[in-house]
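Here is a quick walk through one model, written for someone who likes to check backbone angles and neighbour lists. Have a look at the sequence and the structure before reading on.

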Amino acid sequence: MQPRLAIVGGGPAGMMAAIRAAETLGDGSRVVLFDKNDRLGRKIYLTGKGRCNLTNERPWEEFAPHVHPNQGFLKQAFRAFSNEDTVRFFTALGVPTVTLQGRRVYPASLVAGDVARALERRVRELGVEVRCGTSVGHLSDLAGFAAVIVATGGKSYPVTGSTGDGYRFAEEAGHTVTPVFPSETALLPKDYDPGLPGLEMKNVGLQLYVDRTLVQQEQGDFSFTDDGLESGIAYHLSRRAVWALVNGQRVDLVLDLKPALTEEQLVNRIKRDPGPLLPKSIMAPFLRAHPGLTDEKLPVALKSWPFRIVDYKGFERAVVTAGGVSLKEIVPKTMASRLRPGLWFCGEVLDLDGDTGGYNLQIAFSTGALAGVSAARSLATSVPPREP
Ligand SMILES: Cc1cc2nc3c(=O)[nH]c(=O)nc-3n(C[C@H](O)[C@H](O)[C@H](O)COP(=O)(O)OP(=O)(O)OC[C@H]3O[C@@H](n4cnc5c(N)ncnc54)[C@H](O)[C@@H]3O)c2cc1C
């Protein structure tokens, strides 16, 4: 029998790896795709609030700063399968795309299921052997395969099947797994005012201080939810904020409600027009947070409303997992393990994550495509086992 490739994990990375491997081999039956769920790509159905922000249109130079912790690692995979390739790929599969605010790309139908189903259809059309409802326990269970790709995802939203199994596989193969922590997640302030959840903040500024040092600032939108400061710019700050909390550091966020105006401009604006500066809904919690606020202090308070962050939403609700299989032990040109011949990694299981905006799915597609092609090429050149 011809040597075969096993892919563990049928998320976006694993399905893309299976498609590219089957296309490269010209024989999908030599590829076996395992997923513990009863259907493929379960997490994709939840992405982008059910609309699936499948990539971001920004060119590499603008895309790269949204990739952590080592954007350089992704460069070759992105070149091999870029955001433009993603758009072409889905269009060819009958899923045309549309670009919305922030250069975020979605299926034109705005239905995430269309993306998941298109990937699954292509996997099956190529004749890949799909084994759903099969949880792989150990790498050694796959000893009969000539090559293995680990595409098991991270630990976020474990109900979708992403429970961190790949970290165990990596360690079984002697790999280093850097500490994992939730990212793109809600940040909970101390003494959280019950009047805040439900408020949407539009075009505000947020500064992140770790141990009283300013480390990051963003301008844009976010929401106050039951879980704290969530989505948009709050998510962008959450990676550093969570890591600091994990390490026992002090974390403060400072909200600027009027980022377009300097303090001086605000003073003049208040003198000129004493009308309301804030919507009623935000005014009440704002005044509660600033008891005894005088007119002189109002401009400063509007530009620097402090929140001491004491907690964050864990893996059960985080969009992405930061940390993972150490990039030092993976060849960026192929996604192959430097330690174990015949082993590849792709997707969120790697120590590679992106901001919200379509970056994480593109990481999955780029690294998945590259791992699939590389693993298939290694099979094409490997000698089939001799018949007994
Ligand atoms: C709510 C939510 C919304 C998101 N929205 C977006 C968005 O709009 N845009 C974006 O770019 N990113 C988004 N993301 C992030 C993105 O979905 C992930 O980064 C991406 O799915 C990672 O792909 P992956 O294939 O590496 O892993 P996963 O999608 O996690 O897939 C891993 C698969 O492996 C399977 N598996 C795990 N262990 C085993 C095992 N032992 N045996 C067999 N199978 C196994 C799992 O069942 C799972 O199907 C979102 C994430 C969440 C949680």
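What follows goes from the domains to the ligand shell, then to a sheet, a helix and a few odd backbone spots.

## Domains

First things first: this is a predicted model. The domain assignment splits the protein chain into domain 1, made of 5-182 plus 316-381, and domain 2, which covers 187-312. Their C-alpha centres sit 36 Å apart.

How many residues of domain 1 are in contact with domain 2? Eight residues of domain 1 are, and they meet eight residues of domain 2. On the side of domain 1 that touches domain 2, you get four nonpolar, two polar and two charged residues.

## Around the ligand

The ligand has 37 residues around it, and glycines make up the list of the closest: Gly9, Gly11, Gly153, Gly161 and Gly347. Two or more shell residues come from each of α1 (12-25), β2 (31-35), α2 (47-50) and α12. Of the contributors, α12 gives the most, with four residues.

By class, the shell around the ligand breaks down into 14 nonpolar, 17 polar and six charged residues.

## A three-stranded sheet

There's an open sheet of three strands in the order β3-β6-β5, with antiparallel pairing. β3 (55-56) and β5 (97-100) are the edge strands, each with a single partner, so one side of each has no neighbour in the sheet. As a reminder, strands of a sheet pair through backbone hydrogen bonds, either parallel or antiparallel.

β6 (residues 104-107) pairs with β3 over two bridges and with β5 over four bridges. Arg104 is worth a click: this β6 residue is the bridge partner of Asn56 and also of Leu100. β5 and β6 form a hairpin with three residues between them, and Gly102 in that turn has a positive phi of about 75°.

## Helix α4 and its cover

Which residues of α4 are buried? In this helix, which spans residues 71-80, they are Phe73, Leu74, Ala77 and Phe78. Looking down the axis of α4, you'd find these buried residues within an arc of 125°, so they line one face of the helix.

What covers them includes α3 (60-63), β4 (67-68) and α12 (359-381). So α12 turns up twice in this tour: α12 is part of the cover over α4, and α12 also gives four residues to the shell around the ligand.

## Backbone oddities

Just ahead of α4, in the loop between β4 and α4, you'll find Pro69. The peptide bond from His68 to Pro69 is cis, with omega near -10°.

Two residues other than glycine have a positive phi. For Tyr157 the angle is about 50°, and for Asn203 it is near 45°. Where do they lie? Tyr157 is in the loop between β8 (147-150) and α7 (165-172), whereas Asn203 is in strand β11 (residues 200-210).

Are they buried or exposed? Tyr157 is buried, with 20 other C-beta atoms within 10 Å, while Asn203 is exposed, with 12 other C-beta atoms within 10 Å.

Methods: Residues are numbered from 1 along each chain as its sequence is written. This is a predicted model: local features need pLDDT of at least 70, side-chain atom pairs count only at pLDDT 80 or more; totals for chains, interfaces and linings use all residues. The arc is that of the directions from the helix axis to the C-beta atoms. Two residues are in contact if their C-beta atoms, placed from the backbone, lie within 7 Å. A residue is near a molecule or strand if its C-beta atom, placed from the backbone, lies within 6 Å of it. Ala, Val, Leu, Ile, Met, Phe, Trp, Tyr, Cys and Pro count as nonpolar, Asp, Glu, Lys and Arg as charged, and the others, Gly among them, as polar. Two strands pair if DSSP finds at least two bridges between them. Domain bounds come from an automatic or database domain assignment.
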